[in-house]
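Got your viewer open? Let's take a walk through this model, one selection after another.

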Amino acid sequence: MLINILVSACLVAIGIAAYDRLVLRPMLVIGVVDAANVFHAKQEQYLNVVAASRTDMERRQAIADAERFVTSFAAALAQLPQECACLVVDKTAVIGSRATLLDLTPLLRKKVKL
């Protein structure tokens, strides 16, 4: 009977440890990203290219690149939760948290080639 109690206690402890490692702790990681900062920096980059353009063709190309960026930016943001296996929120939305915050802004900058 004592062996049954010890085995049961060990199984419960293993279950609690597994729940903590596999379910609870990943939920406590929140990825934050300063999306507005990245978007505005890239927008500034495109505005500089448009301003430096000498021909209509160069301007049209820069504007087309900027329009494609909007789609790629949304796609890059959508990929972040899968890559970090965490909830991703905008940095401005976080006021205080006991969760572990993971800054994903550098990763987003890399994805949009900034």
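## Warm-up: a lone stop

Select Cys 10 to begin: with a relative accessible area of 47%, this cysteine is partly exposed. Keep in mind as you click around that you are looking at a predicted model.

## The long walk along H3

Now select residues 56-84, which make up helix H3. Its 29 residues should span 42 Å at 1.5 Å a residue, and the C-alpha atoms at its two ends are 42 Å apart, so expectation and model agree.

Which residues of H3 are buried? Colour Ala 62, Phe 69, Phe 73, Ala 76, Leu 80 and Cys 84 to see them. Next, look at what lies over those buried residues: the cover includes strand E1 (29-33), helix H2, strand E2 (87-90), strand E3 (100-103) and helix H4 (105-111).

## Into the core

Here is a rule of thumb before the next click: in soluble globular proteins, nonpolar side chains tend to be buried together. In this model, the largest nonpolar core has 13 residues. Show Val 38, Phe 69, Phe 73, Leu 80, Leu 104, Leu 108 and Val 112, the members that touch the most other members. H2 and H3 each supply at least two residues of this core, and H3 gives the most, with 5 residues.

Zoom in on Val 38. Leaving out residues up to four places away in sequence, Val 38 touches Phe 73, Thr 105, Leu 108, Arg 109, Val 112 and Leu 114.

## A charged residue indoors

Stay with helix H2 (residues 35-52) and select Lys 42, which lies in it. What is the nearest side chain of opposite charge to this buried lysine? That would be Asp 65, but it is 9.0 Å away, and Lys 42 has no salt bridge. Beyond its neighbours within four places in sequence, Lys 42 is in contact with Phe 69, Val 112, Lys 113 and Leu 114.

Then slide along to Ser 53, in the loop between H2 and H3. Ser 53 counts as buried, at 11% relative accessibility. Setting aside residues up to four places away in sequence, Ser 53 touches Glu 58 and Arg 59.

## The disulfide after H3

Go to the far end of H3 and show Cys 84 and Cys 86 as sticks. They are joined by a disulfide, with the sulfurs 1.9 Å apart, and the structure holds 1 disulfide. Is this disulfide left-handed or right-handed? The torsion about the S-S bond is about -90°, so it is left-handed. Cys 86 counts as buried because its relative accessibility is 10%, under the 20% cut-off.

Click the residue between the two cysteines, Ala 85, in the loop between H3 and E2. Ala 85 is exposed, with a relative accessible area of 60%. Most residues other than glycine have a negative phi. Ala 85, however, has a positive phi near 55°.

Want another one like that? Jump to Lys 113, in the segment after H4. Lys 113 also has a positive phi, about 55°, although it is not a glycine. At 70% relative accessibility, Lys 113 counts as exposed.

## Salt-bridge hunt

How many salt bridges does a search of the whole structure find? The count is 5. Try these stops:

- **Arg 68 and Asp 65.** Their side chains meet in a salt bridge, 2.2 Å from N to O. Both residues lie in helix H3, 3 residues apart, about one turn of the helix. Arg 68 is partly exposed at 48%, and Asp 65 is partly exposed at 25%.
- **Lys 111 and Glu 83.** This salt bridge is 2.7 Å from N to O. Lys 111 lies in H4 and Glu 83 in H3, so the pair ties together parts that are 28 residues apart in sequence.
- **Lys 91 and Asp 103.** Here the closest N and O atoms are 3.4 Å apart. Lys 91 is in the loop between E2 and E3 and Asp 103 is in strand E3, so this pair ties together parts that are 12 residues apart in sequence.
- **Asp 56, Arg 59 and Arg 60.** Select this trio together, because a network is easier to follow that way: the three residues are linked by salt bridges.

Conventions
Residues numbered from 1 in each chain as written. Predicted model: local features only at pLDDT ≥ 70, side-chain atom pairs only at ≥ 80, totals over all residues. Heavy atoms only, no water. Helix = DSSP H or I, 4+ residues; strand = E, 2+ residues; numbered from the N terminus. Buried < 20%, exposed > 50% of the residue type's maximum accessible area, 1.4 Å probe, protein only. Lys, Arg positive; Asp, Glu negative; His and termini not counted. Salt bridge = Lys/Arg side-chain N within 4 Å of Asp/Glu carboxyl O. Contact = heavy atoms within 4.5 Å. Expected span 1.5 Å × (residues − 1). Disulfide = S-S within 2.5 Å. Core = buried A, V, L, I, M, F, W, Y, C linked by side-chain atoms within 4.5 Å.
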